[in-house]
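Dear colleague,

I am passing on the structure we spoke of, with the sequence alongside, and below it I have set out what came out of the analysis. Please read the notes with the model open in front of you.

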Amino acid sequence: MLVLLDNGHGGLIDGEYQTPGKRKDWGNGNIIYEGEFNRAIVNGIIQELTLLKIPYVNIAPEYWDVRLETRMRRANIYAHRKCFYLSVHSNAGGGSGSEIFTSPGNTKSDQIATVFGETYQSEFPNRRLRTDFTDGDLDKERRFYVLTRTKMPAILTESFFMDNREEFDSVLMTSAGRAKIIKYHVDAIRRVKRELF
């Protein structure tokens with residue numbers, strides 16, 4: 001099984017953030033750039049997958065904001081392989097907890113999302129998983145470009161809210177919090193490999 005990893009949005013180049021918006025500045029130097037966070041999580045996942053000898057491809061290693069069309073073209077090169085696409089993000093817009101998205105319809109993506117949701121709940125038993133069970137499973141379904149244009153199962157994770165000060169302080173901007181987010185993703189990948197591929 002091959003894991004296609006996509007750290008959403010751009011990073012920092014010479015101290016300049018590459019994606020308009022997608023940040024939260026709490027003042028006094030307390031700022032999070034979503035693209036930096038996404039890259040930190042994906043890099044941690046890559047380190048663990050390397051140790052576990054689970055093959056992966058980093059779809060967007062560049063620090064500029066790679067176009068969605070380019071991300072999909074790169075991912076779909078591997079559509080002939082046993083693989084799934086994992087897009088990593090952090091949320092904003094008022095709220096708390098984490099979410100897992102798939103495209104509409106009942107597909108293998110939903111099964112993968114369920115594994116990720118259950119693994120998240122094991123790693124963060126006291127944190128909210130924002131769910132939508134109207135179609136019988138926990139994921140939320142949206143027509144996000146990266147979920148509808150992939151030719152393999154695809155999920156998108158949203159880990160906590162940048163504009164929730166408690167989550168910013170205690171999870172998103174701490175080494176321990178980020179390590180737990182990485183662990184939940186890696187544990188879910190291991191379970192997906194074992195149970196679904």
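The crossing of α3 and α6 is right-handed, and I should say at once that this, like everything below, is read from a predicted model. Helix α3, which spans residues 108-123, and α6 have axes that come within 9 Å and cross at roughly 135 degrees; the two helices are therefore oblique to each other. On the α3 side the contact is made by K108, Q111, I112, V115, F116, E118, T119, Y120 and E123, while α6 contributes K180, K183, Y184, H185, D187, A188, I189, R191, V192, E195 and L196. Sorted by class, the residues of this contact of α3 with α6 comprise nine nonpolar, three polar and eight charged.

Helix α6, residues 175-196, also meets helix α1, residues 34-52, and here the axes come within 9 Å and cross at roughly 50 degrees. That angle makes α1 oblique to α6, and α1 passes α6 in a right-handed crossing. From α1 the contact draws on E36, F37, A40, I41, G44, I45, E48, L49 and L52, and from α6 on R178, I181, I182, H185, V186, I189 and R190. In the contact of α1 with α6, ten residues are nonpolar, two are polar and four are charged. You may wish to look at H185 and I189 of α6, which are listed in the contact with α1 and are listed in the contact with α3 as well.

The other feature to hand over is the largest pocket, in which about 330 Å³ of space lies. Its lining consists of 21 residues, and those that lie nearest the centre of the pocket are H9, K22, L68, H89 and L156. Which elements each supply at least two residues of that lining? They are α2 (68-76), β7 (83-91), α4 (145-148) and β10 (154-161), and β7 gives the most, with four residues. By class, the lining of the largest pocket has eight nonpolar, seven polar and six charged residues.

With best wishes

How values were computed: Residues numbered from 1 in each chain as written. Predicted model: local features only at pLDDT ≥ 70, side-chain atom pairs only at ≥ 80, totals over all residues. Heavy atoms only, no water. Axes fitted to C-alpha atoms, helices over the stretch in contact; angles between N-to-C directions. Parallel < 35°, antiparallel > 145°, perpendicular 65-115°, else oblique. Left-handed = near helix turned anticlockwise from the far one by under 90°. Contact = heavy atoms within 4.5 Å. Nonpolar A, V, L, I, M, F, W, Y, C, P; charged D, E, K, R; others polar. 1 Å grid on protein atoms, 1.4 Å probe; cavity = no way out; pocket = protein on both sides within 12 Å on 5 of 7 lines; lining within 4 Å. Points joined across faces, edges and corners; volume = space filled by probe spheres on them.
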